[in-house]
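Student: I should like to learn how to read the features of a structural model. May we work through one together?

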Amino acid sequence: MDTWTRIERGGFYPKAVQRALRRALGATEPLATLCQVDTGFDRGSVFRHLTVASLTDRAIVQLHVDEMDGGSATIATAVHRVCDIAGYSTMEVYTDPENATGLSEMTIALDLNGARRLELEPARCDDPNCMADHGLSGTSFPDDMTFRISAAADGQDSLNEAMVFVDHLASLMGTRSE
């Protein structure tokens, strides 16, 4: 499914989303696009969020759409050069790993050299009777853009689009030749 049809089918202010994405892309058509709608809850209200990532041969365009009170919406757009992508990672879930078939879910995380996620936990020593405060230990992870696509929740076509997105990303980053 092409980018514009995917946005239209998402049904989340498609005209405004398409306008913002076309403005960011100019005359360039995306090689691949991911769209993910999420629902959030805040003070008794329900809000929708849409994240779009469109990949071209030179840039990745990220849109984040937030539904606001009163029926309005905000659209934040970020454009990153492909050469500035620090890396990406994937996690794939297979129902039949023995035969490498049945891909049912994929998580894609892009490191755009921006936000980081920090996981902290209390530091411990090997003495089971120790009561001292050893501070904290932690791990820092890049967390600029993450998509989790599931065939069961998002449909097989969305999962197929995620695989195409990763294939294009790998080619652009030089880890795969066409």
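Student: How many residues lie between β1 and β2 in their hairpin, and which residue in the turn has a positive phi?

Tutor: Please keep in mind that this is a predicted model. When reading a hairpin, look at the paired strands and then at the turn. Here two residues separate β1 from β2, and R43 in the turn has a positive phi of about 50°. The two strands run antiparallel and are joined by 11 bridges. One position to inspect is C35, which stands opposite V52 in β2.

Student: What is the overall order of the elements along the chain?

Tutor: From the N terminus on, the order is α-α-β-β-β-β-β-β-β-β-β-α-α, made up of four helices and nine strands. The C-alpha trace spans about 65 × 50 × 35 Å along its principal axes. Of the 178 residues in the chain, 33% are buried.

Student: In which sense do β2 and β3 pair, and over how many bridges?

Tutor: Strand β2, residues 45–55, pairs with β3 in the antiparallel sense over seven bridges. These two strands also form a hairpin, with three residues between them. Individual partners help to fix the register: H49 stands opposite D66 in β3, and the bridge partner of T51 in β3 is H64.

Student: How many bridges join β3 to β4?

Tutor: Nine bridges join β3 to β4, which covers residues 73–81, and the two strands run antiparallel. Within this pairing, I60 has H80 of β4 as its bridge partner. The hairpin of β3 and β4 has five residues between the strands, and G70 there takes a positive phi near 80°.

Student: Why is strand β3 described as largely enclosed by the rest of the structure?

Tutor: The reasoning rests on burial, for which the cut-off is under 20% relative accessible area. Seven of the nine residues of β3, which spans residues 59–67, are buried, so the strand is largely enclosed by the rest of the structure.

Student: Let us turn to aromatic rings. How many aromatic pairs are counted, when the ring centres must lie within 6.5 Å?

Tutor: The count comes to one aromatic pair. Its rings belong to F12 and Y13, with centres 5.1 Å apart and planes at 50°, so the pair is tilted. Planes under 30 degrees apart would count as stacked and those over 60 as edge-to-face.

Student: Is F12 buried or exposed?

Tutor: F12 is buried, at a relative accessible area of 2%, whereas Y13 counts as partly exposed at 26% relative accessibility.

Student: Which charged residue lies over the face of Y13?

Tutor: To read such a contact, consider both the charged group and the ring centre. R48 lies over the face of Y13, at 5.6 Å from the ring centre. Elsewhere, the charged end of R22 sits over the ring of W4, 3.7 Å from the centre of that ring.

Student: How many cavities of 30 Å³ or more does a search of the whole structure find?

Tutor: The search finds one cavity of 30 Å³ or more. The largest cavity has a volume of about 50 Å³. A useful next step is to examine its lining. Among the lining residues are F12, C35 and V52, of which F12 has already appeared in the aromatic pair and C35 and V52 as opposite residues.

Student: Which elements supply at least two residues each to that lining?

Tutor: These are α1 (3–10), β1 (32–42) and β2. The largest share, three residues, comes from α1. By character, the lining of the largest cavity divides into six nonpolar residues, two polar and one charged.

How values were computed
Residues are numbered from 1 along each chain as its sequence is written. This is a predicted model: local features need pLDDT of at least 70, side-chain atom pairs count only at pLDDT 80 or more; totals for chains, interfaces and linings use all residues. Side-chain values use heavy atoms; hydrogens and water are left out. Buried means under 20% relative accessible area, exposed over 50%, partly exposed in between (1.4 Å probe, protein chains only). Two strands pair if DSSP finds at least two bridges between them. Rings of Phe, Tyr and Trp (its six-membered ring) pair if their centres lie within 6.5 Å; planes under 30 degrees apart count as stacked, over 60 as edge-to-face and the rest as tilted. A charge sits over a ring if NZ of Lys or CZ of Arg is within 6 Å of the ring centre and within 35 degrees of the ring normal. On a 1 Å grid over the protein atoms alone, a cavity is a set of points where a 1.4 Å probe fits but cannot get out, and a pocket is an open set with protein on both sides within 12 Å along at least five of seven lines; lining residues have an atom within 4 Å of a point. Grid points are joined across faces, edges and corners, and a volume is the space filled by probe spheres set on the points. Ala, Val, Leu, Ile, Met, Phe, Trp, Tyr, Cys and Pro count as nonpolar, Asp, Glu, Lys and Arg as charged, and the others, Gly among them, as polar.
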